[in-house]
Amino acid sequence: MQKKEIWAIICRFGAIVICLVVTSACSNFLEKEPFDKLVPSSFFKTEADLNLYTTSFYQRFIPTGLAIVQADEMGEYTSKNNSPTFIAGNYSSVDQGAWNWADLRNINYFLEQYNNPAIPQEARSHHAGLARFFRALFYFDMVKKFGDVPWYGKTLAIDDPDLYKGRDARTVVMDSVLADLNYAVENIRATKDNTASAVTKWVALGLKSRICLFEGTFRKYHTELSLSNTADTWLTQAVDAAQQVIDSKQYSLYATGNTVTDYRDLFISQDPKSVEIMWANIFNDGLKRWHEITWKFNSATYGARWGLNKQFVNTYLKQDGSRFTDIPGYDTIQFVHEMADRDPRLGQTIRSLGYKRSDGSAAPPNFGYTFTGYHILKFSLDDKRLDGVAESNNSITMMRYAEILLNYAEAKAELGQMDAGVWAQTIALLRARAGVNTAEPAQADSYLQTVYFPEISDKYLLEVRRERGIELVYEGFRYDDLLRWKKGHLLEMQWRGIYVPAMDSPMDLDGNGTPDVAFVKTLPDTKVNGVTYYIIDGTASKLSEGNKGHLVWRDDENRVFDDKKYFKPISNADIVLNPNLSQNPGWK
């Protein structure tokens, strides 16, 4: 079977898993097996059967393309219509949705049925590895959300007492996740998948590096868990997993030498750039699988009007490797000058100087679609037609080699093992691909310390965190990073946009010498041709210094992230069903 056919198979046969499980559950009440359904005794006979079952896991566990990107609206660097209730509102266990174990049951059911001696052992082990890969993914998501959760390594009958057991300790669950990952790494086939659509040994190693980095840093910085003494063990595992991917030489950074387009090409291509992209959610015209990301980023009504915030944009270096924030008056530089000579990834992440749509029309930041002026371009296609239909065909990356390099660098830095050699293997490569000077920093960046990480003095660790934010922006990592670094309070940060030198004064945003936008309290009687007028209402939107200053959006919100929010509450519905479940601290 060609790997690229995997999505078509999913669409046709994804329901087989439910059919098998339901049939098995009902078999005790039947004297004869149904002739019109697949049942265990007639199904798990060949590797094709195992493949059909494990293929269905992709459908059930892979998030939609939009969900991958939209996860970053929870990051501190994103402005939007308004904050979710979890951050700015009255959120309780009643608001939390009940958890669902159906997907886990399907995995455990497979692991209890697959081991038919008539099927070659290598094939059985490969498919069991896939099942355990997805079980690790399931539980990793559960632990991120809730901390301690019940561990179920078997299917449960309706009278099984474990249905009503309490939560298992985080250590128990995560040790089991690591065991699943190790099995997956040892048994999933190693052949590189050039369509980037299938889980391979290398994807399993990538997930292991991601999960171990998360767990190691979470334990290190969340000292209230009393697990700090085990953090280095997990960080060492992250290093080892990433090192295996690096040493395999199966992947490298995608680079044609065109630093103006190489980074963005990774995110707008129909066929994944599999020299770097290890795993992707595949969209293409041939399969008629499309998504709505371009529409979301370029709509005043369908999207949430996402935009990056000024504080984060400040972290992008100059192209020569110097710090933008070392420039005198850096915070009041107008957009058209702010974008000049910066890390080329900035102009491939947001609409910047000279950006045009596919029809050749100039497209400066559109304040109908973003509040801050830092209008997101990454993953967004240039065809205007896609601004109003869900027909974007670019595949959405879920894991790429750049992340592996960053996982490796961060784990090494957290272990105190970062040096010039590690820098050259990781951060320098990423900056070279981007077209940024690769020299190491002479000292810690005071801007990063003041605004983001005052507790960090290690210059290497600060640069790794800078690079991680920039390289992986809007790939769905930022909120998890804030959680594991114990930096949730950054979600309280003001949503700040571009600098406006004067109210009612038209501004050029794309550098073509003609004005594009003006910020006003009321619409003027006479309008300048080509200028969009953005009303500052003084409540939801304002300028930081009254009639000039930074755009500030939603200062009327009361955003609060206290310590209880590092975990979500256990749903009230779940506690009612199972009184043995304890609630997370601080929640009711």
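This briefing covers the overall build of the protein and then one of its sheets. The model is a predicted one, and the protein in it holds 22 helices and 9 strands. With 588 residues, a compact globule would be expected to have a radius of gyration near 25 Å, and the protein, at 25 Å, agrees with that expectation.

**Overall dimensions and surface**

- Measured out along its principal axes, the C-alpha trace of the protein spans about 85 × 50 × 50 Å.
- The accessible surface of the protein amounts to about 23200 Å², and carbon and sulfur atoms contribute 51% of that area.

**Burial and contacts**

- Of the 588 residues in the protein, 56% count as buried, that is, they have under 20% relative accessible area.
- When contacts in the protein with a separation of 6 or more are considered, 71% of them join residues that lie 24 or more positions apart.

**The sheet of strands 5, 9 and 8**

- An open sheet is formed by 3 strands, which follow the order 5-9-8 and pair in the antiparallel sense.
- Its edges are strand 5, covering residues 495–500, and strand 8, covering residues 541–543, each of which pairs on one side only.
- From one strand to the next, the twist of this sheet averages 25°.
- Strand 9, made up of residues 549–553, pairs with strand 5 over 4 bridges, and this pairing is antiparallel.
- Within strand 9, H550 is the bridge partner of Y499.

Note on methods: Residues are numbered from 1 along each chain as its sequence is written. This is a predicted model: local features need pLDDT of at least 70, side-chain atom pairs count only at pLDDT 80 or more; totals for chains, interfaces and linings use all residues. Side-chain values use heavy atoms; hydrogens and water are left out. Two strands pair if DSSP finds at least two bridges between them. Helices (H or I, at least four residues) and strands (E, at least two) are DSSP runs, numbered from the N terminus. Axes are lines fitted to C-alpha atoms, for helices over the stretch in contact, and angles run from 0 to 180 degrees between N-to-C directions. The radius of gyration is taken over C-alpha atoms; the globule rule is 2.2 Å times the number of residues to the power 0.38. Buried means under 20% relative accessible area, exposed over 50%, partly exposed in between (1.4 Å probe, protein chains only). Contact means heavy atoms within 4.5 Å. Accessible areas come from the Shrake-Rupley method with a 1.4 Å probe; for residues, only the protein chains shown count as cover.
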